[in-house]
Amino acid sequence: MKPSPSPNPAAEDQAALWAARLDGSDLSSDDRAALDAWLAAAPDHRALLSSYCQFSANLEQQMPLLAGIGDQVAEIPPAPRLASSRPWSRWPIWAGATLAAAAAVALVFHIASPAARVETTVTAVGQRQTLALTDGSSVELNAHTSLRVEFTRTERRVRLASGQAFFTVTPDAARPFLVETPDGTVRVTGTAFDVLAAPATLHVTVASGKVRVRPLRAEPVDLLPGSQLAIDGDNIVQRTLDAAALERALAWRQGLAIFAGTRLDEALALLARYHGRTFHAAPEVAARTVGGRFSLDDLDGFFSGIEDSLQVKVRRDENGGYLVVPAHAP
């Protein structure tokens with residue numbers, strides 16, 4: 001992923017800080033809310049964060065070169081060489097120290113496992129992307145998604161910090177494919193499945209093959225084709241989807257939102273995730289139901305449709321969000 005220079009040094013500094021935090025640990029719900037707010041504050045913030053995350057991944061990928069010099073670690077090229085070219089010239093001193101520490105850890109890791117590869121990708125608001133992985137697997141990323149891929153000789157490990165991804169996994173019995181999320185882990189050897197990760201939320205939907213989900217606070221669950229496990233806070237539901245429900249669950253891959261008797265507030269939540277904005281429904285209309293197929297990229301078409309069919313009207317607020325109220329509201 002090619003970094004793009006920014007005329008905003010403060011934004012670059014903040015992107016570097018978030019990249020270091022994403023690389024080093026799981027974010028708390030408060031941290032995640034703060035990150036989402038920062039990403040929503042300006043259109044270029046997500047691209048900046050993606051650039052710095054990729055820089056971190058690239059740095060780790062260079063560690064095998066360092067492994068070859070063994071005890072001569074002290075002769076690793078000095079930091080100023082990295083700091084000399086943009087956008088990394090704005091990398092804060094403490095973030096650089098954090099990466100240096102991460103590099104030291106990565107060096108040990110790569111000495112023990114020289115075949116490891118690490119790649120981090122962050123999709124922007126309203127952006128979908130498909131990644132071809134080195135083992136022949138592929139990942140389709142929905143908007144607003146952060147994904148880190150790390151392959152070794154013994155396993156294929158993906159960290160889905162937030163967002164939604166559909167995995168088509170090449171079978172490899174010797175190297176299981178693991179998807180880690182803040183609320184649980186998904187383990188497969190070869191299959192196709194969808195994972196949605198959000199604060200206190202984990203939804204796993206299986207299109208083919210078999211998947212084992214190990215929730216953070218529950219017993220492991222095996223899922224077969226057409227089945228779904230939905231974890232929302234303390235509520236855990238396992239269900240079998242018919243063909244229509246499975247199509248709705250995976251419609252985002254075709255750039256669609258398909259609703260069938262869906263509550264308005266739930267439909268707005270889906271679109272809010274995709275567009276990175278705040279959408280609300282007034283209590284009087286939140287339970288009204290929506291049906292039909294809508295383009296994820298055509299917000300005006302969706303709002304026009306519900307204004308006609310649900311007797312509501314849509315208002316913009318000063319922060320770029322939307323509020324849906326009754327048509328007769330003042």
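These legends go with a set of close-up views of one predicted model. Local features here need pLDDT of at least 70 and side-chain atom pairs count only at pLDDT 80 or more, while totals for chains, interfaces and linings use all residues. Residues are numbered from 1 along each chain as its sequence is written, and side-chain values use heavy atoms, with hydrogens and water left out.

**View 1. The whole chain, before zooming in.**
The protein chain has nine helices and 18 strands; these are DSSP runs numbered from the N terminus, with helices being H or I of at least four residues and strands being E of at least two. Of its 330 residues, 45% count as buried, where buried means under 20% relative accessible area, exposed means over 50%, and partly exposed is in between (1.4 Å probe, protein chains only). Take the contacts (heavy atoms within 4.5 Å) with a separation of 6 or more: residues 24 or more positions apart account for 50% of them.

**View 2. Helix H8 and what it leans on.**
H8 covers residues 264–275, and its 12 residues should span 16 Å at 1.5 Å a residue; the end C-alpha atoms are 16 Å apart, so the two agree. (The expected span is 1.5 Å times one less than the number of residues.) Its buried residues are Leu 264, Ala 267, Leu 268, Leu 271, Ala 272, Tyr 274 and His 275. Looking down the axis of H8, they fall within an arc of 160 degrees, so they line one face of the helix; the arc is that of the directions from the helix axis to the C-beta atoms. That buried set packs against strand E14 (256–263), E15, E16, H9 and strand E18 (322–326). Right after H8 comes Gly 276, with a positive phi near 65 degrees.

**View 3. Phe 279 meets Phe 303.**
The model holds 10 aromatic pairs, counted when ring centres of Phe, Tyr or Trp (its six-membered ring) lie within 6.5 Å, with planes under 30 degrees apart called stacked, over 60 edge-to-face and the rest tilted. Phe 279 and Phe 303 are an edge-to-face case, at 5.9 Å centre to centre and 70 degrees between the planes. They link distant parts of the chain, 24 residues apart: Phe 279 is in strand E15 (residues 279–281) and Phe 303 in helix H9 (residues 299–310). Phe 279 is buried at 8% relative accessibility, and Phe 303 is buried too, at 5%. Both belong to one aromatic cluster, along with Phe 259, Phe 294, Phe 302 and Tyr 322.

**View 4. Arg 253 over a ring.**
Here the charged end of Arg 253 sits over the ring of Phe 166, 3.7 Å from its centre. The cut-offs for "over" are NZ of Lys or CZ of Arg within 6 Å of the ring centre and within 35 degrees of the ring normal.

**View 5. Salt bridges, buried and otherwise.**
There are 11 salt bridges in the structure, each a side-chain nitrogen of Lys or Arg within 4 Å of a carboxyl oxygen of Asp or Glu. Arg 148 and Glu 150 pair up at 3.8 Å, N to O, and both are buried. Glu 247 and Arg 293 meet at 2.8 Å, N to O. This pair links distant parts of the chain, 46 residues apart, with Glu 247 in helix H7 (residues 243–249) and Arg 293 in strand E16 (residues 289–295). Glu 247 is partly exposed at 38%, whereas Arg 293 is exposed at 51%.

**View 6. Arg 263 with Asp 265, plus a network.**
The closest N and O atoms of the Arg 263 and Asp 265 salt bridge are 2.9 Å apart. Arg 263 is partly exposed at 34%, and so is Asp 265, at 29%. Elsewhere, salt bridges that share partners join Glu 155, Arg 157 and Glu 180 into one network.
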